[in-house]
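Visitor: I am new to this structure and would like a close look at a single part of it. Could you take me slowly through one place where helices pack together?

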Amino acid sequence: MDVTRRLGDMGFTAIRRRTSGGKCKPHFSLSFKAGGNDITFGIDTTRLSRSDDQYFLITHAHTDHYGKSAMLSKRSIASDKTAMALELRHDLRFEGMRFSVGEALDVEGVEVKTYHTYHSIGSTAFYWENEVGVRALVTGDIKDHKDLPKCDLLVMEATYGNPGDLSCIFKDDYDAFEAALGERHVGFGAYSFGKAQRAVSLIREMGDERPIEMDRSALMLTRHLLGDEAGEIGRLGEFDGGLCITSPWSLDRLPYGMKKYVLTGQHYYDHPCICISDHTDFNGLRELVEQVDPKFVIVYHPEMGNSVNFAKFLNQNGREACTLADLSPVRQTTL
Ligand SMILES: [Zn+2]
């Protein structure tokens, strides 16, 4: 399959930018025509330099989606919550355009629609049409695809995209989480951005109103991103130690007598795990593709690994798909 030609027929050019050192910049960019203009959207990529004048779609604030670099461009585009999370995490000012997820934006006359993906607070899927009416959808990371619209070109993640790996099939274990909340003293290991806020929201949804102690970073992000919805939260040691959230690798520092669990969809921790994931599993990815019904799929994240497995699965099942390795890199030495 000639990917460049296939995308060209749809009115898109996908480019991986390469520096003079020869290394590819993260993820990729999509160029297209709209209203007579040539427009380029960087997809979760970094700025090459100050003169890099593409637009930067930032799907969410996890570091492996590179908002830290893109947020410094006036042409970056991120949801209000993603922009806030980036500012808090990196102590930098977000210079770009903000929107509230669900709103449509005007980018040089192109209407860009935005959708929730329920992955982390503020996480966004972007949708637009080019001059020839071909519809593109960029998902970022996905927890739930229910809101996503039909498209022609789908740019998606596939963190759990390996059909041959049983650990790519899972369901969130809310029963185990609720049972753990029944403990008098319980600590949860959760990443400070994303998982920690999911844990606090779940605890409140399950009707547990106890104060929650959190490590510094999780507390700061949760206060700003969840606001009053978080209920009573404070620093580790501030209350009676009944309910704590800290990073998975500092669970050991919580008191000895406390029950400890890592909230994760993965299995490589020392403590017992409760399956609470920020991602959809393989079945969810498959259903997502069925729902949005694309003519062509670029599996763009992770850059290696399961993307290859998922693209292969799609190709074997009658959906044309490729990974970033199939896109032609362009050397950019002038920027
Ligand atoms: Zn993510």
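Guide: What follows is a walk around helix H6 and the two helices described here as packing with H6. Please keep in mind that this is a predicted model. Helix H6 covers residues 216-226, and its axis comes within 10 Å of the axis of helix H3, residues 80-90, with the two crossing at roughly 155°. Because angles over 145 degrees count as roughly antiparallel, H3 is roughly antiparallel to H6. The crossing in which H3 passes H6 is right-handed. On the H3 side the meeting residues are Lys81, Met84, Ala85 and Leu88, and on the H6 side they are Met220, Leu221, His224 and Leu225. Sorted by character, the residues of this contact comprise six nonpolar, one polar and one charged.

Turning to the other partner, helix H5, residues 195-205, packs with H6 at an angle of about 60°, and the axes of H5 and H6 are 9 Å apart. Here too the crossing is right-handed, with H5 passing H6. H5 contributes Ala196, Gln197, Val200 and Ser201 to the contact, while H6 contributes Ala218, Leu221, Thr222, Leu225 and Leu226. The residues of this contact divide into six nonpolar and three polar, with no charged ones. Leu221 and Leu225 of H6 therefore appear in the contact with H3 as well as in the contact with H5.

To place this in the whole chain, the division is into domain 1 (3-165 + 280-331) and domain 2 (171-274), whose C-alpha centres lie 31 Å apart.

Technical notes
Residues numbered from 1 in each chain as written. Predicted model: local features only at pLDDT ≥ 70, side-chain atom pairs only at ≥ 80, totals over all residues. Axes fitted to C-alpha atoms, helices over the stretch in contact; angles between N-to-C directions. Helix = DSSP H or I, 4+ residues; strand = E, 2+ residues; numbered from the N terminus. Parallel < 35°, antiparallel > 145°, perpendicular 65-115°, else oblique. Left-handed = near helix turned anticlockwise from the far one by under 90°. Contact = placed C-beta atoms within 7 Å. Nonpolar A, V, L, I, M, F, W, Y, C, P; charged D, E, K, R; others polar. Domains from an automatic or database assignment.
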